[in-house]
Amino acid sequence: MPTDADRSPRSDCLFCRIARGELPSQVVVDDEDLMAFHDIAPRSPTHILIIPRAHIPSAADLTEDDGPLLGRLFATAARIAREQGIADAGYRIVSNVGRWGGQTVDHLHLHLMGGRAFSWPPG
Ligand code: 5GP
Ligand code: ZN
């Protein structure tokens, strides 16, 4: 299903600005179509955000055409988890959507969290 949404970088979006290097971040991965950086307020010993460079507001805005991009986002998360040494113990990948989902930045991101055990379900 094609998308006609405008996904170009937005000057009013925090993560677009980080992706463009206009705001500083602790970069972990800097690829052509995605980026990973440390969360500014980590909730676990390892807490890294993985974002597409394209401005996609949330997981609710993905289409079937985004399959390859999603594959790269998750494969990058898995690679970072190995590199950070959290893969063997296990970790959590989360993408919050909307107000009740706990989303505070309206640019799609995966939280890669590890280094401790997590409870289920989330609070
Ligand atoms: P959300 O609440 O939308 O699921 O996740 C947004 C995340 O972005 C939060 O975990 C928050 O700590 C992080 N965050 C907010 N502002 C910044 C920032 O300026 N830099 C970085 N690196 N992370 C941020
Ligand atoms: Zn954005």
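Select strand 4 (91-94) and strand 5 (110-114) in this predicted model. The two strands pair in the antiparallel sense, over four bridges. Within this pairing, V94 stands opposite H111 of strand 5.

Keep strand 5 selected and display its side chains. Five of its five residues are buried, and the strand is thus described as mostly covered. In a regular strand, side chains alternate between the two faces of the sheet. Here L110, L112 and G114 point one way, while H111 and M113 point the other way. Both groups are buried.

Next, add strand 3 (residues 46-52). Strand 3 pairs with strand 5 in the antiparallel sense, and five bridges connect them. To locate this pairing, select I48, whose bridge partner in strand 5 is L112. Then move to T46, which also lies in strand 3. T46 has a relative accessible area of 10%, and it counts as buried because that value is under 20%. For a distance to display from here, choose the C-alpha atoms of T46 and L73: they are separated by 17 Å, and the two residues are 27 apart along the chain.

From strand 3, proceed to strand 2 (residues 34-38). These two strands are antiparallel and share five bridges. A36 of strand 2 may be selected together with I50 of strand 3, as they stand opposite each other. Which part of strand 2 is buried? Four of its five residues are, so the strand is largely enclosed by the rest of the structure.

Extend the selection to strand 1 (residues 27-30). Strand 1 runs antiparallel to strand 2, and three bridges join them. V27 stands opposite F37 of strand 2. The two strands form a hairpin, with three residues between them.

Now turn to the metal site and select the zinc ion (ligand 2). Which atoms coordinate the zinc ion (ligand 2)? The donors are SG of C13, SG of C16, ND1 of H55 and ND1 of H107, at 2.1 to 2.3 Å. Ideal angles for four tetrahedral donors are 109.5 degrees. Around this zinc ion, the four donor atoms subtend angles of 106 to 115 degrees, which makes the arrangement tetrahedral. Along the chain, the donors follow the spacing C-x2-C-x38-H-x51-H. Among them, C13 and H55 link distant parts of the chain, being 42 residues apart. C13 is in the segment before helix 1, and H55 is in the loop between strand 3 and helix 2 (67-84). Both C13 and H55 are buried.

Display the largest pocket next; its volume is about 980 Å³. Of the 33 residues that line this pocket, D39, R43, H47, N96 and H111 are the closest to its centre. The elements that give two or more residues to the lining are helix 1 (14-19), strand 2, strand 3, strand 4, helix 3 (98-101) and strand 5. The largest share, three residues, comes from helix 1. If the lining is coloured by class, it shows 16 nonpolar, 13 polar and four charged residues.

Finish with W120 and P121. A cis peptide bond joins these residues, with omega at about 0 degrees. P121 is placed in the segment after strand 5, the strand whose pairing with strand 4 opened this tour.

Definitions and conventions:
Residues numbered from 1 in each chain as written. Chains lettered and ligands numbered in written order. Predicted model: local features only at pLDDT ≥ 70, side-chain atom pairs only at ≥ 80, totals over all residues. Heavy atoms only, no water. Buried < 20%, exposed > 50% of the residue type's maximum accessible area, 1.4 Å probe, protein only. Pairing = 2+ DSSP bridges. 1 Å grid on protein atoms, 1.4 Å probe; cavity = no way out; pocket = protein on both sides within 12 Å on 5 of 7 lines; lining within 4 Å. Points joined across faces, edges and corners; volume = space filled by probe spheres on them. Nonpolar A, V, L, I, M, F, W, Y, C, P; charged D, E, K, R; others polar. Donors = N, O, S within 2.8 Å, 3.2 Å for Na, K, Ca; no water. Tetrahedral: all angles 85-135°; square planar, octahedral: opposite > 155°, others 65-115°.
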